[in-house]
Amino acid sequence: MYKKKNIFALMLVLAMLGSLLSACSGGNHSSGNSTANNSESSVAGNSTDSNSADSSGGKDDKSPLTINWFVAAEGYQKKWDTENVLLDKMITDDTGITIKFTSGNDEKLGAMIASGNIPDVVTVYNPSIQRKTLEKSGLVAPLDELIKIYAPDFKVPQSAQDWYRNEDGHYYGLVNFFYAKEKMQEGVDTLATHIDITARKDIMDRLGIKPEDFSTKEGTIEALRKVKAAKIKYNGFDMIPAYFDHYNLIQFFGASPETKDGQWQDTVRTPESLEAFKFLNQLYREGLMPEDSVTLTTDQKIEKVTAGSVFAKTSVLVKWDALYNADPNALFVPVGPIKGDAGNAFHFTPSPLSGWMLTMVGSKSKHQERIVKLLQYLSQDEMSLNAVHGPRGIAWDYDENGKVKFTEQRVKEYAANPDSAKRKYDANFAWLVDWVPVKRTWPAPANDLEKVTAEHDAYFEQFAFNDLALEAVTVEGGTIEAGIEAKIKTNREKMLAKIILAKTEQDVEKLFNQMLKEDDELGFQQVSEYKNKKFQEAKEKLGIKFAWPANQ
């Protein structure tokens, strides 16, 4: 429940600011290429030769055409600008197409559906109720049929087709940020994760604290006690020993989302969840974690970190880049992770493997052939790199190891005027991005911050597991279960603060049990049965008996 909230908040930030692209970078292993000449095959993996610009646009109609594209993400703003945005110019030059973007919330999309007036292209959150409504309404065309007619050499990964296939046998859209198993190279590609725990290396060195001290609860507490006892001030601020959160800790302690007999279970209701609450409560009662740890937003915690007043933290979303820019000695490095009492192995949830948003073609559009070929063109692996970094040749090229290397021009422009350079190179157009080739070719670290970030990502990615079946349990909006889950979520947010700030450990257990009882009274069992049904269907689709690594 916590996971989805963070996921969609993060993804919306990507749409507006492109921040996810930097958050998920790093931790990339070498593609194994020895020369720049064969680096393109490293990016393409084993599936996209047929999606080349030649096959999608070279011999096709490139006459001027404007298409209307609606994005169901409130706050997304983009005006097509071929004079100042490099990728916009590249797309229009190569295809002749100009895109007129509009955006809005689910209500605006719902009104469009009700009126039967759908633009040429629609992009919608993949778990959205409007997505299913569109597919069943006849307002969007089956993409597989369009591809057969207009672009038979357009190869969409089979795993993505199957995951989003409708009950009628068709699939209707292309999803971004989907981890297609066919494109993952064993020993090369890893799954990004936002689960982490880090601490200030300069403070650790000063107090004789080692990263492995955080491998146990006892060692972590002792390390934090040292920080508290040292009464360190940084830029006039008292050093706060820790900002830890429950979601990361239950992953450290090994809370399983699947029972031993293969049923879905809510990790918030597990023994490891209660253990995490007790641990956080002990930190609070000992003055090792402040009361505002349960009330501050992520942005407010970032402000604390930027001020230099935080020693240790969980959550990769709590950024520390600004602190490093002000003080290069203030590095947050990986520590732990903390083992729980049961000594469970680490299995961390990755960034969403099933992707983010689905892009579909209106069934009434008069430009379906041009649009399908545009989607094919945009689905090239190298176009994902262009969407992230700017066009190849002007913004970057491959180095001898098959990694992206920025041009001197791009580097100079970002150094001279970051805002202006961002407008030029970052097109804010991620609706067809495939993160696998982007991650595989991420630029080699150019400074200490990037080096530490890459090491951080690689360290925690070793614990990430494939949780695709578990992503299928998202409750669809508009259902009875969605209403129940919303009430449970609200109650849990209230109870979480009470539990962590309880006066005694006994009170923690009492309040925890009270929360579970209130869950049940609100209808938790109905939600659980709904999610378990979807979980079993997803495992059957994937051909697996168990999803949790410890059960396999």
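Biologist: How many bridges join S5 to strand S10?
Modeller: A friendly note before we start: this is a predicted model, where local features need pLDDT of at least 70, side-chain atom pairs count only at pLDDT 80 or more, and totals for chains, interfaces and linings use all residues. Residues are numbered from 1 along each chain as its sequence is written, and side-chain values use heavy atoms, leaving out hydrogens and water. Strands (E, at least two residues) and helices (H or I, at least four) are DSSP runs numbered from the N terminus, and two strands pair if DSSP finds at least two bridges between them. S5 and S10 (residues 332-334) run antiparallel, and the number of bridges joining them is three.

Biologist: Which residue in S10 stands opposite Arg-200?
Modeller: Arg-200 and Thr-198 point one way from S5 (residues 197-200), while Ile-197 and Ala-199 point the other way. All four are buried, that is, under 20% relative accessible area with a 1.4 Å probe and protein chains only, where over 50% is exposed and in between is partly exposed. In S10, the partner opposite Arg-200 is Phe-332.

Biologist: And in S9, which residue does Ile-197 stand opposite?
Modeller: S5 is also joined to S9 (residues 310-314), by three bridges in an antiparallel arrangement. Within that pairing, Ile-197 faces Thr-314.

Biologist: Which side chain makes a polar contact with the side chain of Thr-359?
Modeller: Thr-359 lies in strand S11 (residues 357-361) and is buried, with a relative accessible area of 1%. Leaving out residues up to four places away in sequence, Thr-359 touches several others, including Trp-69, Tyr-172 and Trp-431; such a contact means heavy atoms within 4.5 Å. A polar contact is a pair of N or O atoms within 3.5 Å, where within protein one must be able to donate a hydrogen and the other to accept it, and sequence-adjacent residues count only if both atoms are side-chain atoms. At 2.8 Å, the side-chain partner of Thr-359 is Thr-123.

Biologist: Which helix gives the largest share of the largest nonpolar core?
Modeller: A nonpolar core is a set of buried Ala, Val, Leu, Ile, Met, Phe, Trp, Tyr and Cys residues joined through side-chain atoms within 4.5 Å. The largest one has 97 residues, and Trp-69, Phe-429 and Trp-431 have the most contacts inside it. The largest share, six residues, comes from residues 368-378, helix H16.

Biologist: How many residues does the other core have?
Modeller: This core lies apart from the largest one. Ala-276, Leu-280, Ala-330 and Phe-460 are among its members, and its size is 63 residues.

Biologist: Why is helix H17 largely enclosed by the rest of the structure?
Modeller: Among its buried residues are Asp-381, Leu-385 and His-389. Just after the helix, Gly-390 takes a positive phi of about 105°. H17 (residues 381-389) is largely enclosed because, of its nine residues, the number buried is eight.

Biologist: Asn-428: buried or exposed?
Modeller: Asn-428 sits in the loop between helix H19 (418-425) and helix H20 (435-440), with a positive phi near 55° although the residue is not glycine. Its relative accessible area of 18% makes Asn-428 buried.

Biologist: Asn-235: buried or exposed?
Modeller: Asn-235 is another residue other than glycine with a positive phi, near 50°, and belongs to the loop between strand S6 (233-234) and strand S7 (237-238). With 62% relative accessibility, Asn-235 counts as exposed.
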